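Colleague: I am new to this structure and would like a close look at one part of it. Could you take me through the sheet, and then through what is packed around it and beyond it?

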Amino acid sequence: MTIRILIADDHHVVRKGLVFFFRTQEDLEVVSEAANGREVLTAIEEQEIDVALLDVQMPIMDGVEAARGIREKNQSIKILMLTSFSDYDSVIPAIQAGANGYQLKDVEPDQLADAIRRVHKGESMIDSKVASHLMNHVTGGDEQEEKAKLESLTKREKEVLKQMMKGQSNKEISNTLYITEKTVKTHVSNILSKLEVHDRTQAALFAVKYMKE
């Protein structure tokens with residue numbers, strides 16, 4: 001199965017470099033390019049897109065606005081943001097706008113390709129190198145209060161959360177822990193409720209910051 005990709009970056013050289021690399025991957029195909037968020041929203045109307053790879057900082061309309069626009073028009077498109085170490089304040093709004101994950105711009109090409117594949121499967125991809133910093137923007141409570149939320153989880157819920165940290169889907173968690181997918185869904189729902197977060201991405205960020213291996 002070929003994954004159809006939209007690349008959005010205002011730097012022509014960056015786009016062409018990504019296009020060149022993705023041509024070496026049999027299952028990845030770049031079907032559209034954009035230099036800003038406005039072009040992104042036009043492209044998704046004209047092309048069948050599976051994964052949108054969005055630069056956070058773009059002229060006219062940035063990646064956050066583009067992500068929000070994609071979600072309003074098409075819930076099925078997966079969104080993967082590209083960011084740098086200085087983009088903390090941009091990434092959290094992007095995730096809240098509907099992005100399925102983010103990668104740093106210094107990521108190895110093969111890792112980026114793998115992130116695209118995993119996001120396409122429905123997983124949330126979080127770069128661990130900056131997750132703990134980003135988590136400061138997601139949870140504003142006292143550290144002791146946040147840790148208390150974590151301690152409210154059952155042993156099995158913590159095991160599920162550890163797999164969520166790795167970006168595993170419900171099916172993969174089911175296979176890893178030898179429990180049914182229905183049971184995994186129940187645990188995930190309980191985890192989100194107890195940690196007072198909105199989605200799997202925020203739960204994983206929470207775990208990166210507060211959970212010890």
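Modeller: What follows goes from the sheet to the helices on it, and then to helices that pack on one another.

Please keep in mind throughout that this is a predicted model. The sheet is an open one of five strands, which are arranged in the order β2-β1-β3-β4-β5 and pair in the parallel sense. Two of these strands, β2 and β5 (residues 101-104), stand at the edges with a single partner strand each, so that one side of each has no neighbour in the sheet. From one strand to the next, the twist averages 25 degrees.

Within this sheet, the pairing of β1 (residues 3-8) with β2 (residues 28-34) is parallel and runs over six bridges. Between β1 and β2 the chain passes through helix α1 (residues 12-22), and the β-α-β crossover made in this way is right-handed. Two positions help to place the strands side by side: Ile-5 has Val-30 in β2 as its bridge partner, while Ile-7 stands opposite Glu-33 of β2.

Turning to the helices on the sheet, α3 (residues 63-73) lies across β3 (residues 51-55) and β4 (residues 78-83), and its direction is at about 180 degrees to that of β4. Helix α5 (residues 109-120) also packs on the sheet, where it touches β1, β2, β3, β4 and β5, and its direction makes about 150 degrees with that of β4.

A residue worth finding in α5 is His-120, which has its place in that helix. Leaving aside residues up to four places away in sequence, His-120 touches Met-1, Ile-3, Asp-50, Val-51 and Lys-78. His-120 and Asn-100 are 20 residues apart in sequence, and from C-alpha to C-alpha they are 9.2 Å apart in space.

Further along the chain, helix α10 (residues 181-195) and helix α11 (residues 200-210) have axes that come within 10 Å and cross at roughly 65 degrees. Because angles of 65 to 115 degrees count as roughly perpendicular, α10 is described as roughly perpendicular to α11. Their crossing is left-handed. On the α10 side the residues are Val-188, Ile-191, Leu-192 and Leu-195, and these meet Arg-200, Ala-203 and Phe-206 in α11. Sorted by class, the contact of α10 with α11 has six nonpolar residues, no polar ones and one charged.

Helix α11 also packs with α8 (residues 155-165), at an angle of about 100 degrees and with the axes 9 Å apart. The helices α8 and α11 are therefore roughly perpendicular to each other. From α8, the contact takes in Leu-161, Met-164 and Met-165, and from α11 it takes in Arg-200, Ala-203, Ala-204, Ala-207 and Val-208. The residues of this contact of α8 with α11 divide into seven nonpolar, no polar and one charged.

Technical notes:
Residues are numbered from 1 along each chain as its sequence is written. This is a predicted model: local features need pLDDT of at least 70, side-chain atom pairs count only at pLDDT 80 or more; totals for chains, interfaces and linings use all residues. Side-chain values use heavy atoms; hydrogens and water are left out. Two strands pair if DSSP finds at least two bridges between them. Helices (H or I, at least four residues) and strands (E, at least two) are DSSP runs, numbered from the N terminus. A crossover is right-handed if, with the strands pointing away from the viewer, the path from the first strand over the helix to the second runs clockwise. Axes are lines fitted to C-alpha atoms, for helices over the stretch in contact, and angles run from 0 to 180 degrees between N-to-C directions. Contact means heavy atoms within 4.5 Å. Angles under 35 degrees count as roughly parallel, over 145 as roughly antiparallel, 65 to 115 as roughly perpendicular and the rest as oblique. A crossing is left-handed if the near helix is turned anticlockwise from the far one by less than a right angle, and right-handed if clockwise. Ala, Val, Leu, Ile, Met, Phe, Trp, Tyr, Cys and Pro count as nonpolar, Asp, Glu, Lys and Arg as charged, and the others, Gly among them, as polar.
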